[in-house]
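Hi,

Here is the model I promised to pass on. Have a look at it first, and my notes follow underneath.

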Amino acid sequence: MDSFQSLFEQLFGSEWGIPLFLLTKNLLLILAIIVPLLLAVAYLTFAERKIIAYMQVRVGPNRVTFFGIPWLGGWGQPIADAVKAIMKEIIIPTGANKFLFLLAPILAIAPALAAWAVVPFSPELVLADIDAALLYILAMTSLGVYGVIIAGWASNSKYAFLGAMRSAAQVISYELAMGFALVCVLMMSSSLNLGDIVAGQEGGSLLNWNMVPLFPMFLVYFISGVAETNRLPFDVAEGESEIVAGFHVDYSGMAFTIFFLAEYANMILVATLTSIMFLGGWLPPVDIAPFNLIPGMIWLLLKIALMLFFFLWFRATFPRYRYDQIMRLGWKVFIPITLIWIVLLGAVMQLPEAALQSFPLNLWF
C-alpha cells in the first residue's frame, strides 16, 4: 500500500498525490464491500427459493444455468431475473409525483448500503472505524422508513398510501425495541465502536458472547429485525389479499426491483449486526484448535448465514399475524421487556466488586 502511495506522489506530487491516493483507496474499498453485497442479495433470493422448496418438498429453480453447464442448473436464475427487471419498463402513474416516485427506491436502498461503512469484518478490515459506529448504524437504519412513506404518498394511490402507513408504523414500533436492546449491548461493552463490542466478547468460549447474559435481548433484537424488514410473519404491509401489495404496488421494472433489493440488503445487515452484537462477530465458538485456525471472517460469514437461514425458515413456517397482534407484540411485550432488562442490568452493574465475585454473572462483568 505504501508503494502505491509513493507512486501517486511521484505522478501528481505530494499536494495532490496523497488526497488522490486516499480517494482511490476508499473507492476501491467501497466497491469491495458493495459488489459482494449485491451478489449476496441476488443469491439470497435463490437460496430462499431453494430452501423453501426443500421444506415444502418441491424442486425450486433448476433450469437457468451458465453456458449450458448441467450441474449448475438454477444458479443462473438471479442473473436472469436481474436482466429481466432491467429490460422492463418503469411505468409512472398519471397522478404521481414523478420526482418523489423515482426518489423513493433510492431512499429505501441507500441507508441499507451506507450502514456497511462501519461494519467490521475482522479486527483490521473495516472501512470507517469510528467510535460512534453504533449511533451511525441506528441513524442509517432509521432513514429507510422515509423511502417507504414517500413511495406510498408519491404514488397517489390510497392502497399504496395505506400500505405505507402500516409499514411505517410497524417499522417505528419495532425500531424502539431494537434500540433498547442495543442499549443493553452498549452497557455491557461500554463502547459504541463495533470492533470494541466484539473485543468485549473475547474470553475463550461462546459463554462470553453477549447472547448468554442478554439472551432475551438477543431474541427481541432479532425478531424486531424480522419485523423491521417486513418479512413473514410480519409482512402485513404487503398482505396481497388485503391491500394488493403494500406501498410499492404501483412500481414496476427496476424501480420495484430496488425495493426488493433493499429488503434483502436489510436482511443481511440485520443478520450481520446480530452476529456482531450478540454472537461474538469473527470470534470462534471456542478458542482451541482447529476452531481458532479458521479465519475470523469465515466465522462471521457462517454466523450471518445461520441468521439468514432463520429468516427463510420463518417465511416457510409461520402464518401472517394480524396487524393488532403485531402492534401489541411491539408495544406491550418487547418494549416493556427491554426497559425492565435495562434496569436490571444497570442494577447488577452497580453492585460492589466483592458482590460480583460471588454472583453468577461475574463471568460477564
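I'll start with one residue: if you skip its neighbours within four places in sequence, serine 173 is in contact with Met327, Trp331 and Ile335. Keep in mind that this is a predicted model. Serine 173 sits in helix 5 and is buried, at a relative accessible area of 3%; the cut-off for buried is under 20%. Its side chain also has a polar partner in the backbone: a polar atom there lies 2.6 Å from the backbone oxygen of alanine 169.

Now the wider view. The protein chain has 12 helices and 0 strands, so don't go hunting for a sheet: along the sequence the pattern reads α-α-α-α-α-α-α-α-α-α-α-α. Of its 365 residues, 44% count as buried. If you take the contacts between residues at least 6 apart in sequence, 73% of them join residues at least 24 apart.

Next, helix 7, which covers residues 215–228. Does its length add up? At 1.5 Å a residue, its 14 residues should span 20 Å, and the end C-alpha atoms are indeed 20 Å apart, so the two agree. Helix 7 is also largely enclosed by the rest of the structure, because 10 of its 14 residues are buried. Those are Met217, Phe218, Val220, Tyr221, Phe222, Ser224, Gly225, Val226, Ala227 and Glu228. They pack against helix 5 (158–189), helix 9 (253–278), helix 10 (296–317) and helix 11 (323–349). Just past the end of helix 7, asparagine 230 has a positive phi of about 55°.

That brings helix 5 back in, this time as a partner of helix 7. How do you describe two packed helices? By the angle between their axes and the distance between the axes. Here the axes of helix 5 and helix 7 come within 9 Å and cross at roughly 150°. Angles over 145 degrees count as roughly antiparallel, and therefore helix 5 and helix 7 are roughly antiparallel to each other. Their crossing is left-handed. On the helix 5 side the contact is made by Gln170, Val171, Ile172, Tyr174, Glu175, Ala177, Met178, Ala181, Leu182 and Cys184. Helix 7 brings Met217, Val220, Tyr221, Ser224, Gly225, Ala227 and Glu228 to that contact.

Cheers

Methods: Residues numbered from 1 in each chain as written. Predicted model: local features only at pLDDT ≥ 70, side-chain atom pairs only at ≥ 80, totals over all residues. Heavy atoms only, no water. Helix = DSSP H or I, 4+ residues; strand = E, 2+ residues; numbered from the N terminus. Expected span 1.5 Å × (residues − 1). Buried < 20%, exposed > 50% of the residue type's maximum accessible area, 1.4 Å probe, protein only. Contact = heavy atoms within 4.5 Å. Polar contact = N/O pair within 3.5 Å; in protein donor to acceptor, adjacent residues only side chain to side chain. Axes fitted to C-alpha atoms, helices over the stretch in contact; angles between N-to-C directions. Parallel < 35°, antiparallel > 145°, perpendicular 65-115°, else oblique. Left-handed = near helix turned anticlockwise from the far one by under 90°.
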